[in-house]
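Student: I have a model open and would like to go through some of its packing and pairing with you. Could we start with a contact between helices?

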Amino acid sequence: MVPTSWRLQRSCKRPMDKLPDPAKVEFETVFYEPSADGVVLLTLNRPEHGNGVVPAMARDLLAALAQLEENKDVRVLVLTGAGRQFCAGADLVAFQRYLAEDLVREEEPYNARVLFPVTQRLVACRLPLIAAINGGATAGGLDLALACDIRLASSTAKMGETYIRLGLNPGNGGAYFLPRLIGSGLAAELALTGDILTAEQALKIGLVNHVVEPNELHASAIALATRIAANPRLALEATKQQLRQSWHTDLAGALGASFWATSALQRTRDVSEGVTAAREKRPPRYNIKDKDDKGGA
């Protein structure tokens, strides 16, 4: 059943496990659109509020991810923000209103558990995610980018784990992701000071993979996503999850997970095609049957 929180830009009668290509699918606070073969651009769409997070955005992100993850034609997602900001964290106007009017009644801190499922879904999602950080990414906004697998930043982007500036601790995964990405000392410095980094500073410490000019950001992110999406779908899924699992397992556990994934993948047509193509010295032809099956496994 189509959620009432989103609508198609044009009428589309085809089954919902297929992308309504080339239509843009719009929710209340996000939208997505196919951008290349196997690649979808998912955009936070509250530009007049710096793409600040409200509960509706968490709801819409979960709904969009659920639909995209079910579509076997989609192999990579690029996450970005509409307008001049990637995501400024919590919407401070809504946050202030909540503190004044709802906190005593709800007895729940604003947004504190709203983004938990989103953060976990981004990490567990079968699709590799690239964050295209087009502007400010602070507090919960930075945490959304950290939950992605790869980060590209505009040269004008600014990033910071700025919860401390509001009297808060990191709320949506920053305390987990930062030490693993940049080391415990730098993570502590960023979280305890709330310092804002330029894109070049973020690149230097490994917080982002690449920095490009603002007018090249989306094209660069989509080009990288397209290179990734050209690889076999099942191998992409297995590789993403094995990399994630390695954050909290020992070498023996990582090797065990690798053994069983490799055992399963060697039964796929992709491995047979990859070996044959390598021996014949030609480019492999992956994901062909996925297209023919129109979204089938």
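Student: Which residues of helix 10 do Leu122, Val123 and Ala124 in helix 4 meet?

Tutor: Happy to help, and keep in mind that this is a predicted model. On the helix 4 side, the contact is made by Leu122, Val123 and Ala124. The residues of this contact divide into three nonpolar, one polar and two charged. Across from them, helix 10 contributes Lys240, Gln241 and Arg244.

Student: Are helix 4 and helix 10 parallel, antiparallel, perpendicular or oblique to each other?

Tutor: Helix 4 covers residues 116-124 and helix 10 covers residues 233-245, and their axes lie 9 Å apart. The packing angle is about 120°. Perpendicular ends at 115 degrees and antiparallel begins over 145, so helix 4 and helix 10 are oblique.

Student: Let's go to the strands. How many residues of strand 6 are buried?

Tutor: Strand 6 spans residues 129-133. In a regular strand, side chains alternate between the two faces of the sheet. Here Leu129, Ala131 and Ile133 are buried on one side, while Ile130 and Ala132 are buried on the other. The count of buried residues in strand 6 is therefore five of five.

Student: Which residue in strand 8 is the bridge partner of Ala131?

Tutor: Strand 6 is joined to strand 5 (residues 76-81) by three bridges, running parallel, and there Leu77 stands opposite Leu129. With strand 8 (residues 150-154), strand 6 also runs parallel, through four bridges. In strand 8, Ala131 is partnered by Arg151.

Student: Which strands stand at the edges of the open sheet with the order 7-9-10?

Tutor: This sheet has three strands and mixed pairing. Strand 9 (residues 158-160) and strand 10 run antiparallel, joined by two bridges, with Lys158 paired to Thr198. An edge strand has a single partner, so one of its sides is left without a neighbour in the sheet. The strands in that position are strand 7 (137-138) and strand 10 (197-198).

Student: Last one: why is Cys125 not bonded to Cys148, and how many disulfides are there?

Tutor: Both residues are buried, Cys125 with a relative accessible area of 0% and Cys148 with 1%. A disulfide needs sulfur atoms within 2.5 Å, but the sulfur of Cys125 is 9.7 Å from its closest cysteine sulfur, in Cys148, so the pair is too far apart for a bond. Cys148 is likewise in no disulfide. The disulfide count is zero.

Methods. Residues numbered from 1 in each chain as written. Predicted model: local features only at pLDDT ≥ 70, side-chain atom pairs only at ≥ 80, totals over all residues. Heavy atoms only, no water. Buried < 20%, exposed > 50% of the residue type's maximum accessible area, 1.4 Å probe, protein only. Axes fitted to C-alpha atoms, helices over the stretch in contact; angles between N-to-C directions. Parallel < 35°, antiparallel > 145°, perpendicular 65-115°, else oblique. Contact = heavy atoms within 4.5 Å. Nonpolar A, V, L, I, M, F, W, Y, C, P; charged D, E, K, R; others polar. Pairing = 2+ DSSP bridges.
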